Amino acid sequence: MTVHFIGAGPGAPDLITLRALNLIRRCPLVIYAGSLVPREVIEEAAATARVVDSAPLHLDEIMTLIVEAYGKGEDVARVHSGDPSLYGAIAEQMARLDALNIPYDITPGVSAYAAAAAALKCELTLPERSQTVILTRTAVRASAMPSGEDLARLGATGAVLAIHLSINNLAKVVRELTPHYGADCPCVVAYRVTWPDEMILKGTLATIREMAKASSITRTALILVGKDLGSHGAAASRLYAADHDHVLRPKAE
């Protein structure tokens, strides 16, 4: 028996991995994260499988379901949105499983920041312009941010920021990042990216708040901030330069 933590991807049902889909199809118990996981994915579960929405459950209730399955020798598909390693709340579940000696593994998924970059048709790491992407969030009602990880400090790096779970803190995001990036810095709000009702707001730190207010977006959105977001004018990568040699393309004699 194994508990399979599964990343279902950002929303589009065909962005789930083959491994994840096969696990969902064969597990007798599927526990999934409510409205964040596409219904089409959950419908791939076997007709005989028990399918449970974890949205109204607390940790003890989720663990009770898993322990019951363990007693029956039944595998469990624990389906999370995006990639479970990012804000997936799996650490506390794994700690409980470790204490109970219940085996588990993790199947990664496509994260929202990657899906948003794809929707924008942009590369987040442009040669000589931006080579660092920071994934972070701000504190609203969830856990407090650790010391040293405040937006102002992260913004001082000038890196591309992918800010999760923070659309209701957009005013704070703009206020703390504008001194580092400038009011004219590109800023994107990607709402339910890859879902049928996807909405992409492209603005700047100066304009994005009014755009977000007009859209009435209040949840399930990612904020991207970067001076070169959407830019295709950076220097070309050395990877494919004709005069660049490497082990698979030796220097001509």
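Of the 253 residues in this chain, 43% count as buried. Keep in mind that what you're looking at is a predicted model. Its secondary structure adds up to 8 helices and 10 strands, and the C-alpha trace spans about 60 × 60 × 35 Å along its principal axes.

A few more overall numbers help before we zoom in. The chain exposes about 13400 Å², and carbon and sulfur atoms supply 53% of that. If you take contacts between residues at least 6 apart in sequence, 66% of them join residues at least 24 apart. As for charge, there are 24 positive and 27 negative ones, and their mean positions lie 4 Å apart.

**Starting at strand β1**

Let's begin with H4, which sits in strand β1 (residues 3-7). Is H4 buried or exposed? It counts as buried, because its relative accessible area is 4%, and the cut-off for buried is under 20%. The side chain of H4 also makes a polar contact with the side chain of D105, at 2.8 Å. Leaving out residues up to four places away in sequence, H4 touches L23, R26, C27, D75, V76, A77, R78 and D105.

**Two helix residues**

Now compare a pair of residues from helices. I24 belongs to helix α1 (residues 18-26), while V67 belongs to helix α3 (residues 59-72). I24 has 0% relative accessibility, so it counts as buried. V67 is partly exposed, because its relative accessible area is 38%.

Their contacts are worth a look too. Not counting neighbours within four places in sequence, I24 is in contact with I6, I16, V30, V41, E44, A45, A46, A77 and V79. With the neighbours left aside in the same way, V67 is in contact with L100 and I102.

Each of them can also be paired with a residue further along the chain. I24 and V52 are 28 residues apart along the chain, and their C-alpha atoms are separated by 12 Å. V67 and L97 are 30 residues apart in sequence, with 9.0 Å from C-alpha to C-alpha.

**How the strands pair up**

Next, have a look at strand β2 (residues 29-32). L29 and I31 point one way from this strand, V30 and Y32 point the other way, and all are buried. Strand β2 runs parallel to strand β3 (residues 50-53), joined by 4 bridges, and L29 stands opposite R50 in β3. Strand β2 is also parallel to strand β4 (residues 76-80), again through 4 bridges; here the bridge partner of V30 is A77.

Why is strand β8 (residues 186-191) described as largely enclosed by the rest of the structure? Because 5 of its 6 residues are buried. Unlike the pairings of β2, those of β8 below are antiparallel.

| Strand pair | Sense | Bridges | Residues that stand opposite |
|---|---|---|---|
| β2 and β3 | parallel | 4 bridges | L29 and R50 |
| β2 and β4 | parallel | 4 bridges | V30 and A77 |
| β8 and β9 (residues 199-204) | antiparallel | 6 bridges | V189 and L201 |
| β8 and β10 (residues 221-225) | antiparallel | 5 bridges | C187 and V225 |

**Helix α7 and what it packs against**

Which residues of helix α7 (residues 170-181) are buried? They are L170, V173, V174, E176, L177 and Y181. A bit of background helps here: an α-helix has 3.6 residues a turn, so residues three or four places apart point the same way. The buried residues of α7 pack against α6 (151-155), β7 (160-164), α8 (208-215) and β10. Just after α7 comes G182, which takes a positive phi of about 90°.

**Two loop residues with a positive phi**

Most residues other than glycine have a negative phi. K121 is not a glycine, yet it has a positive phi of about 55°. You'll find K121 in the loop between α5 (112-120) and β6 (133-137). L165 also has a positive phi, near 55°, and is a residue other than glycine. L165 lies in the loop between β7 and α7.

Are these two buried or exposed? K121 is exposed, with a relative accessible area of 67%, and L165 is exposed as well, at 55%.

Terms used: Residues numbered from 1 in each chain as written. Predicted model: local features only at pLDDT ≥ 70, side-chain atom pairs only at ≥ 80, totals over all residues. Heavy atoms only, no water. Buried < 20%, exposed > 50% of the residue type's maximum accessible area, 1.4 Å probe, protein only. Contact = heavy atoms within 4.5 Å. Areas by Shrake-Rupley, 256 points an atom, 1.4 Å probe, with all protein chains shown as cover. Lys, Arg positive; Asp, Glu negative; His and termini not counted. Charge placed at Lys NZ, Arg CZ, Asp CG, Glu CD. Polar contact = N/O pair within 3.5 Å; in protein donor to acceptor, adjacent residues only side chain to side chain. Pairing = 2+ DSSP bridges.
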